[in-house]
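Could you walk me through this protein, from the overall build down to a few residues worth a look? Here it is.

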Amino acid sequence: MPTISPNLNVNSMTGLTGWFNPSADVATLSQAQDALVTALHNPRSLVAEGACCATAGGGILENEGLIVAITGRARCAGIGDHCMDALLRTLAADYRTLGSHVLQKLSGPFALAILDRVNRTALLAIDRIGIQQLYYAPQPDSLFFSSTPAILTRLGGFDTSIDPQAIYDYLYCHIIPSPRTVFRGLRKLPASHFLEWRNGAVRVEPYWLPQFSEAGIDPAATGREMLDLIETAVRRETNSAEGATVGAFLSGGIDSSTLAGMLARATTTADTYSIGFAVPGYDEMEYARTAVRHFHTTAHEYYVTPDDVATWLPQLAAATDEPFGNSSLLPAFCCARFAREQGATLLLGGDGGDELFAGNERYAKQRIFEHFNRLPYPLQTLIAAIAKPLAGIPLAGKAHSYVSQARIPLPDRLDTYAFLERHDPTEVFSPDFLAQVNTAEPLMLKRAAFSAPHHASLLNRMLYLDWHFTLHDNDLVKVNTACRLAGIEVAYPLLDDDLVALSCRIPSAQKLRGSTLRWFYKQAVRDFLPHAILTKKKQGFGLPFGIWTRSEPRLLAITDDALESLKQRGWFQPAFLDRVRQLHRQAHASYYGEMVWILTMLELWLRANSHAAINQRV
């Protein structure tokens with residue numbers, strides 16, 4: 001069985017970082033230059049009076065008082081994909097006349113900084129879906145920014161103590177959603193947003209919102225258009241870097257199989273990389289093999305073991321930008337690391353299809369609840385009154401549960417499963433900790449995203465909500481982090497801006513037809529994908545952490561030690577931490593194992609990032 005070498009890549013292959021201080025001289029800024037470029041791979045840097053900036057995997061230009069720096073795979077109409085100097089010069093010229101509206105001309109994944117030393121103004125932005133990340137620390141006289149917070153915490157100059165609200169949000173969401181970060185003085189841009197810093201005043205706004213349409217389409221013609229767009233995006237990525245060896249993640253799901261097939265069209269030899277688990281209910285390798293046989297790809301398989309988890313868990317927890325609770329990070333890393341050792345330099349990730357074309361089970365479930373809400377309000381009230389006395393009756397109680405959930409408005413209803421909605425926060429956190437947080441913040445953030453699109457259906461509002469919370473803040477962070485630490489690049493053809501725009505044209509009733517998820521997409525690929533993959537139940541790279549931790553001494557030692565250490569921080573009720581461990585071992589291993597993972601990742605991250613400011617109690 002193949003193994004993967006036990007070391008992490010420490011430098012970001014792409015990234016952007018800088019310090020803008022219009023009053024600072026070159027000598028002062030030069031002192032910061034080393035700190036700013038430390039975590040970037042082969043960076044290009046520029047220091048001028050008032051600004052210091054560096055990029056990796058992009059370009060940087062000084063043009064008549066402006067510094068323009070960009071990273072990622074940005075595209076601009078009329079400029080070739082490999083003409084970085086022309087792109088930078090166009091951005092500089094257009095910014096002078098358009099200001100922040102220059103962002104409307106950009107597509108593709110990017111992080112951008114335009115520093116105007118003459119007018120003492122800075123513009124930061126990331127792409128529409130938020131494939132790139134950008135952290136920032138605004139000060140009255142300056143602005144720090146970076147693709148990774150570690151660079152900025154080393155530089156200092158802002159409050160790096162732990163933000164208690166971020167810890168609460170992490171337990172609620174299992175990630176820290178934008179714009180908050182784990183540090184009090186640091187923020188991160190949400191997807192499709194820009195920041196304007198002007199003489200110390202900060203403005204953060206969206207520069208793009210999707211325009212969803214319910215107008216009729218020709219499903220067959222639009223389906224062919226979609227396939228053409230996916231193939232174009234795959235060919236663009238395979239040709240984006242001269243000499244790159246391209247492969248694809250392959251879980252055996254609809255999205256990864258589509259990319260595997262398109263890669264087979266675009267290249268003479270298509271390499272696919274799959275992860276398996278020797279645990280019933282978790283292993284999807286047979287579906288990946290179905291795609292391999294269908295598209296004649298060259299298969300590379302790796303089975304993750306408990307020893308892998310014990311080896312990599314502490315290292316991955318320490319190396320994430322912030323505490324990160326998605327347990328699929330570890331198998332994604334193992335897959336990316338394995339691909340890198342097999343010679344791949346760029347992987348295609350299938351993220352985005354479910355969120356663009358309605359592939360998550362919760363979308364269909366919420367439609368069932370909305371049937372109740374379409375009834376006249378007096379009838380709703382009557383049904384609720386009739387159902388209430390049935391709550392304790394086994395079968396009839398389901399009617400009461402249905403009515404109770406249906407009466408919760410969206411998007412709040414989506415979170416009725418959340419641990420901190422089902423458990424009283426006073427049972428989880430200490431009183432001193434809770435006194436410092438707003439327990440309503442996670443839902444407030446979700447309500448704002450849910451209501452942002454204009455004239456959108458409930459389904460499209462749920463999709464847009466997932467673009468921010470499921471993609472930008474979670475899944476893309478997972479895959480980007482896994483690939484960064486494995487030393488391999490990643491691209492997401494299914495999140496190409498043209499494909500996003502096409503998805504907005506698909507009527508809601510054709511994205512989700514009855515209870516059939518992704519109806520339009522499945523119709524479009526029915527002659528392209530194997531039937532077994534089209535009809536399989538969604539799973540992905542789920543990690544059997546809760547099951548393994550019950551029986552593997554190394555994993556049990558890591559998690560027990562982490563949860564004991566958390567007791568010393570004074571944030572959690574000790575009884576809660578003990579109860580989680582007990583329920584994990586004696587009740588539902590998978591459900592409570594996920595909470596053990598989340599808490600363990602938090603403690604291991606805090607330990608590893610333990611400079612003086614971080615050790616302060618909140």
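We'll start with the whole chain and then work down to aromatic rings, backbone oddities and two single residues.

Keep in mind that this is a predicted model. The protein has 618 residues, and a compact globule of that length would have a radius of gyration near 25 Å; the value here is 24 Å, so the two agree. Along the principal axes, the C-alpha atoms fill a box of roughly 75 × 60 × 60 Å. The secondary structure comes to 27 helices and 19 strands.

How much of the chain is tucked away? Of the 618 residues, 59% count as buried. Sequence-distant parts meet a lot, too: if you take the contacts with a separation of 6 or more, residues 24 or more positions apart account for 72% of them. On the outside, the protein exposes about 24000 Å², with carbon and sulfur atoms supplying 52% of that area. As for charge, there are 56 positive and 61 negative side chains, and the centres of the two sets lie 5 Å apart.

Now for the aromatics. The count comes to 22 aromatic pairs. Take Tyr-302 and Phe-338: their ring centres are 5.5 Å apart and their planes meet at 40 degrees, so this pair is tilted. It ties together distant parts of the chain, since Tyr-302 belongs to strand β17 (residues 298-304) and Phe-338 to helix α9 (residues 329-341), 36 residues apart. Are these two rings on buried or exposed residues? Tyr-302 has a relative accessible area of 2%, so it is buried, and Phe-338, at 3%, counts as buried as well.

Phe-572 and Phe-576 give you another geometry. Their ring centres are 6.3 Å apart, but the planes are at 25 degrees, which is under the 30 degree limit, so the pair is stacked. Both Phe-572 and Phe-576 are buried. They also belong to one aromatic cluster, together with Tyr-168, Phe-419, Phe-429, Phe-433 and Trp-571.

Next, the backbone. Most peptide bonds are trans, and most residues other than glycine have a negative phi. Where does this chain do something else? A cis peptide bond joins Ser-178 and Pro-179, with omega about 5 degrees, and Pro-179 sits in the loop between α4 (164-173) and β12 (187-188). Another cis bond joins Leu-410 and Pro-411, again with omega about 5 degrees; Pro-411 is in the loop between α13 (397-406) and α14 (419-422).

Positive phi shows up at Ala-358, near 70 degrees, and at His-455, near 55 degrees. Ala-358 is in the loop between α10 (353-357) and α11 (361-373), while His-455 is in the loop between α17 (441-451) and α18 (458-486). Their surroundings contrast: Ala-358 is buried at 0% relative accessible area, whereas His-455 is exposed at 79%.

Finally, two single residues. Pro-138 is in strand β10 (residues 135-138). Its relative accessible area is 31%, so it counts as partly exposed. Which residues does Pro-138 touch, leaving aside neighbours within four places in sequence? They are Leu-143, Trp-197 and Val-202. Thr-38 lies in the loop between α1 (26-37) and β2 (44-48), and at 44% relative accessibility Thr-38 is partly exposed. From Thr-38 to His-174, 136 residues along in sequence, the C-alpha distance is 29 Å.

How values were computed. Residues numbered from 1 in each chain as written. Predicted model: local features only at pLDDT ≥ 70, side-chain atom pairs only at ≥ 80, totals over all residues. Heavy atoms only, no water. Helix = DSSP H or I, 4+ residues; strand = E, 2+ residues; numbered from the N terminus. Buried < 20%, exposed > 50% of the residue type's maximum accessible area, 1.4 Å probe, protein only. Contact = heavy atoms within 4.5 Å. Rg over C-alpha atoms; globule rule 2.2 N^0.38 Å. Areas by Shrake-Rupley, 256 points an atom, 1.4 Å probe, with all protein chains shown as cover. Lys, Arg positive; Asp, Glu negative; His and termini not counted. Charge placed at Lys NZ, Arg CZ, Asp CG, Glu CD. Phe/Tyr/Trp six-rings, centres within 6.5 Å; stacked < 30°, edge-to-face > 60°.
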